[in-house]
Amino acid sequence: MATTKELVTAEELLCMPDDGFRYELIRGELRKMPPAGTDHGAYAENVSFSLSAHAREHNLGRMYIAETGFRLAADHVRVPDTAFIRRERVKPTGETPGFFPGPPDLAVEVISPSDRYSEVEEKVADWLDAGTQAVVVVDPRRRTVKVHRSVTDAAVLTEDDTLAVDDIVPGWTMPVREIFE
């Protein structure tokens, strides 16, 4: 016996009552995201704090944290752990109710213990296909960071390296070691 899934739109997702969970919408399919653990939250915050301080100081754009959805299509909403949007693409507060219309310039994903690498690769591909210029994947198990510019082009950084995406966030750098502190 075949079963069918009820497909959801981004607008329907936005109007759903808060049940305490985060969701992503992948080609109409609603996916529940388990809450992040403390290490996950700390690693995402370390990157976000460093990036945000630099972006504010130099008026480069705006940071968004994990609760922010980015509408990549009418039936496709992704939620990164943290994201950056260049100043020229940021709308004044109050002008963009709901999900941000389009991808961030930079998305950061922290791999959780419950994440499968194939799911993370799917997210990376979705971000890049939608126009995100770089996706930073923090891997706590391996204590590495991957900077994806395309699905086939990724630089792997270790704790001895420095993270930088100068073409997106000019002048910002962060020692990878500091992400895991």
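Two strands count as paired if DSSP finds at least two bridges between them. Helices (H or I, at least four residues) and strands (E, at least two) are DSSP runs, numbered from the N terminus. By that rule β4 and strand β7 (residues 100–101) pair: two bridges join them, and they run parallel.

This is a predicted model, in which local features need pLDDT of at least 70, side-chain atom pairs count only at pLDDT 80 or more, and totals for chains, interfaces and linings use all residues. Residues are numbered from 1 along each chain as its sequence is written, and side-chain values use heavy atoms, with hydrogens and water left out.

## Strands around β4

In the β4–β7 pair, Phe70 has Phe100 of β7 as its bridge partner. Strand β4 (residues 70–73) also pairs with strand β5 (residues 76–78), in the antiparallel sense, over three bridges. Here Arg71 is matched with Val77 of β5. β4 and β5 form a hairpin, with two residues between them.

## The six-stranded sheet

Six strands make an open sheet with mixed pairing, in the order β3-β6-β8-β9-β10-β11. Its edge strands are β3 (61–65) and β11 (154–157), each of which pairs on one side only. Neighbouring strands in this sheet are turned by 15° against each other on average, direction ignored. For such angles, axes are lines fitted to C-alpha atoms, for helices over the stretch in contact, and values run from 0 to 180 degrees between N-to-C directions.

β10 (residues 144–148) pairs with β11 in the antiparallel sense, over four bridges. Within that pair, His148 stands opposite Ala154 of β11. Helix α3 (residues 117–130) packs on the sheet and touches β8 (106–110), β9 (134–139) and β10. Contact means heavy atoms within 4.5 Å. The direction of α3 makes about 160° with that of β9.

## Nonpolar cores

A nonpolar core is a set of buried Ala, Val, Leu, Ile, Met, Phe, Trp, Tyr and Cys residues joined through side-chain atoms within 4.5 Å. Buried means under 20% relative accessible area, exposed over 50%, and partly exposed in between (1.4 Å probe, protein chains only).

The largest core has 26 residues. Those with the most contacts inside it are Leu106, Val138, Val145, Leu163, Val169 and Ile179. At least two residues come from each of α2 (38–57), β8, β9, β10 and α4 (176–179). Helix α2 gives the largest share, five residues. Another core, of 13 residues, lies apart from this one; among its members are Phe100, Ala107, Leu128 and Val137.

What does Leu106 touch, not counting residues up to four places away in sequence? The list includes Leu51, Thr82, Phe84, Ala134, Val136, Val165 and Val169.

Ser48 is found in helix α2. Ser48 is buried, with a relative accessible area of 11%. Its contacts, not counting residues up to four places away in sequence, are Met63, Ile65 and Thr82. The side chains of Ser48 and Thr82 are joined by a polar contact of 3.2 Å. A polar contact is a pair of N or O atoms within 3.5 Å; within protein, one must be able to donate a hydrogen and the other to accept it, and residues adjacent in sequence count only if both atoms are side-chain atoms.

## Salt bridges

Side chains of opposite charge can pair when their charged atoms come close. A salt bridge is a side-chain nitrogen of Lys or Arg within 4 Å of a carboxyl oxygen of Asp or Glu. The structure holds 15 of them. Three are listed here.

| Salt bridge | N to O distance |
|---|---|
| Lys123 and Glu24 | 3.7 Å |
| Glu109 and Lys123 | 3.6 Å |
| Arg177 and Glu159 | 3.9 Å |

Lys123 lies in helix α3 and Glu24 in strand β1 (residues 22–26), so their salt bridge ties together parts that are 99 residues apart in sequence. Both residues are buried. Glu109, in strand β8, is 14 residues from Lys123 in helix α3. Glu109 is buried too, as is Lys123.

Arg177 sits in helix α4, and Glu159 in the loop between β11 and β12 (162–164), 18 residues apart. Arg177 is partly exposed, with a relative accessible area of 38%. Glu159 is also partly exposed, at 21%.

Where do Lys123, Glu24 and Glu109 belong in the wider set of salt bridges? They are part of a network that links Glu24, Arg27, Glu29, Arg31, Arg78, Glu109, Glu122, Lys123 and Asp126.
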